[in-house]
Structures are given as C-alpha cells and as structure tokens.
Amino acid sequence: MIGARYDVRVPDSSPPAPLVAIDPEEARAALGGRAIGPHVALAHGLNRALERIRVVGAGAIQVFADNPTAWRRKAEPPPGIDAFRAALADARVGPLAIHAPYLVNLASPDPVVQERSVEVMTTELLMGARYGARYVNVHIGSHKGTGLEPGLERAGELVARILDAVPPGPDVPMLVLEDSAGQGDSVGVTMTELGTILRSAARHGADPARAGICLDTAHVWGAGYGVDTEDGVEALVAELAAEVGTDRLAMLHLNDSRAARGSRADRHEHLGGGSIGAAGMAALLTHPALAAVPAYLETPGMDTGWDAVNMDRVRRLLVGRPLPKLPAEAYLARGERV
Ligand SMILES: [Zn+2]
Ligand SMILES: [Zn+2]
C-alpha cells in the first residue's frame, strides 16, 4: 500500500534514506491518472532524480535546467538527457516543467535587465526543447517603482520579444507566467493583472497558444484569495475564467502557505500543514476546472525526503482521506522559494 511512509531525515541536507520505489502503474493509479509531481533537484545527477520520482510515486516533474540564481546558462544539457527523457516517457511521468532563474524581470524598466531577461528566457526555451519540457515557468518580475500599468504592459511586450526570438515548433515549450504573492513591486498578482499581461503580449504579436499562466496556490493565498474553503476556490476559478480564461491556465504550483492570507508574503508549507489547510488544498486539487491542469509541489524539504510525505498527502487529499499530523521536525524543513 502506498503512503504512510514518513521515513525522512531532517533537518539537515543529507541525502534521503533509500526507500523502496513505487511501481509506476500503481503510482499513476493512486493519483487517478493526474499529472502531479514534485520539483526535483538535478544537482545530484539525473539518475538520482529518476530514483526520487519512483520513490515518491510522481506523475509529473519540475526541474531547474541550470543555476536558478545566476544569469549565466550552460550551453548544453547534461550528458544523459536523452536517457532521462526516455525513462520519464517509459514511466509515463510528465509533463516536465522547467523553472526559469529568479533574476529574470519581464516588467523591468531597465533596458539592460530587459535584454538579459529576453536572452536568458530564449536560452531556457531552447534548452527546454532539449529536455523535452512542455513548459518553462518564470516569475514575471517587478516594475521597480515605475507603476503597475506600465509594468504589466512591458511584461507583455517582453513575452512577445522572447517568443519572437524562438522559432515555434512542436518541441518548443510554452512560456508560462507564474502569479506573484505581491511582494515589493511585483506584477501579475491578481487574475486581472495576469489577463492584462497576456492581452499586452497578444497586442505585441505573441501567439496566445505559446504563452500561458501558472497559479501557485501559496501565492494566490498571499495575494488575498481565500482558497482555504471550497467557496473561495470557486471564487478564484470564476475570476480566472472572467479575467484570463481557464484555457490559459497551464500549470499549478501546489503549496500550502506559512503566511497569512493577503499578507503578500511567499512562504511555502507542507500540504495541509499551513494556513490554507487540508480543506483548501483538497478543494484546489479536486475543482473540476483545475483537475486537468498539471500540478507541481514546491513544499519544504523537497530534497531531504519531505517530497515523499507531501506526495502521500496529495494521494490522501484526492480521495478525501484524513492527513496524518506532521511531526514537529516537518516545520524545521527548509522552505522552497520556487
Ligand atoms: Zn511556485
Ligand atoms: Zn516560482
């Protein structure tokens, strides 16, 4: 039986205890065929990442293709990328999403930052094709005190410039804009802002089929959406449908939050262990408008074994089973900033 395997090493960064892999068929069935999986570190190699996928019973996977805190990008994917892709396809784990580096700022008023952002995102999309990624997800950025409206307009313009620099093709991933909790002068916080950016992108010539959005559940909570209840999730979906279009929602980031609703803070928590809580996370996981959307976990301690705990909690939430109380060590695990 899958689950209840809260066998983790905390809170240091030592490698996770070797656990028994879950049969891919069984893993898929336990997720009801849903594409849900963790953000997996590639720092220990592609084989370690594949092992983690099997151990946690992932149905999808998100990775960094390179250092998330640097502008500099590698020219080539790691050796073994083709075998990695084949192994994912074999286990029917996907889609693969790549999270772009944090330095990118699509709303920046600074032409140098704009130029670098276009360059890096172009590289990420081309590299994404080599990884077999369906999505490249990016934080939209900050208007740096120059005003929300011009920031939204610039973000749309930069989306168009990035897509213009990457010839379309079946292997080219979609450019996916992640909503923000609203720290600092960040843009893309509300559904209205996300819709405005996508309309700006279209006005600047971007093909709508090549750009979508990602909703991070901890960010929508920080932004003030009351997704701790079914009614709150319903309201979010209604606003998404009115302002963006549910067909433009490409990805979900499935995280509980350590922050208060509307605090504009971004602090991820274990599923059902934070201020959104189990009822809210279950409502987000099972709403019919969100159920077909690939979802990726960015919960604390992903590389110290807590990824397995949170995937177990996903499987429970999907079928309405209660969540075990988290041990005190769980709250010492390092938060993920992705
Ligand atoms: Zn996220
Ligand atoms: Zn992110």
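# Reading a parallel sheet

Visitor: What makes both faces of strand E3 covered?

Guide: In this predicted model, Leu96 and Ile98 on one side of E3, and Ala97 and His99 on the other, are all buried, a word used when 20 or more other C-beta atoms, placed from the backbone, lie within 10 Å of a residue's own (12 or fewer is exposed, and partly exposed lies in between). In a regular strand the side chains alternate between the two faces of the sheet. Residues are numbered from 1 along each chain as its sequence is written, and chains are lettered from A and ligands numbered from 1 in the order in which they are written. Local features need pLDDT of at least 70 and side-chain atom pairs count only at pLDDT 80 or more, while totals for chains, interfaces and linings use all residues.

Visitor: How do you know that E2 and E3 pair?

Guide: Two strands pair if DSSP finds at least two bridges between them (strands are DSSP runs of E, at least two residues, and helices runs of H or I, at least four, numbered from the N terminus). E2 and E3 (residues 96-99) have 3 bridges in the parallel sense, so they pass that test, and glutamine 62 stands opposite alanine 97. E3 also pairs in the parallel sense with E4 (residues 135-139), over 3 bridges, where histidine 99 stands opposite asparagine 137.

Visitor: Why are E1 and E2 called edge strands?

Guide: The open sheet has 8 strands in the order E1-E10-E7-E6-E5-E4-E3-E2, with parallel pairing, and E1 (36-38) and E2 (61-63) each pair on one side only.

Visitor: Which units around E3 are called right-handed?

Guide: E2, helix H3 (residues 81-90) and E3 make one such β-α-β unit, and E3, helix H4 (residues 111-131) and E4 make another; with the strands pointing away from the viewer, the path from the first strand over the helix to the second runs clockwise.

Visitor: Is leucine 177 buried or exposed, and how do you know?

Guide: Leucine 177, in strand E5 (residues 174-178), has 27 other C-beta atoms within 10 Å and is therefore buried. Not counting residues up to four places away in sequence, leucine 177 touches residues including Val138, Leu194 and Ile213, contact meaning that the C-beta atoms lie within 7 Å.

Definitions and conventions. Two residues are in contact if their C-beta atoms, placed from the backbone, lie within 7 Å.
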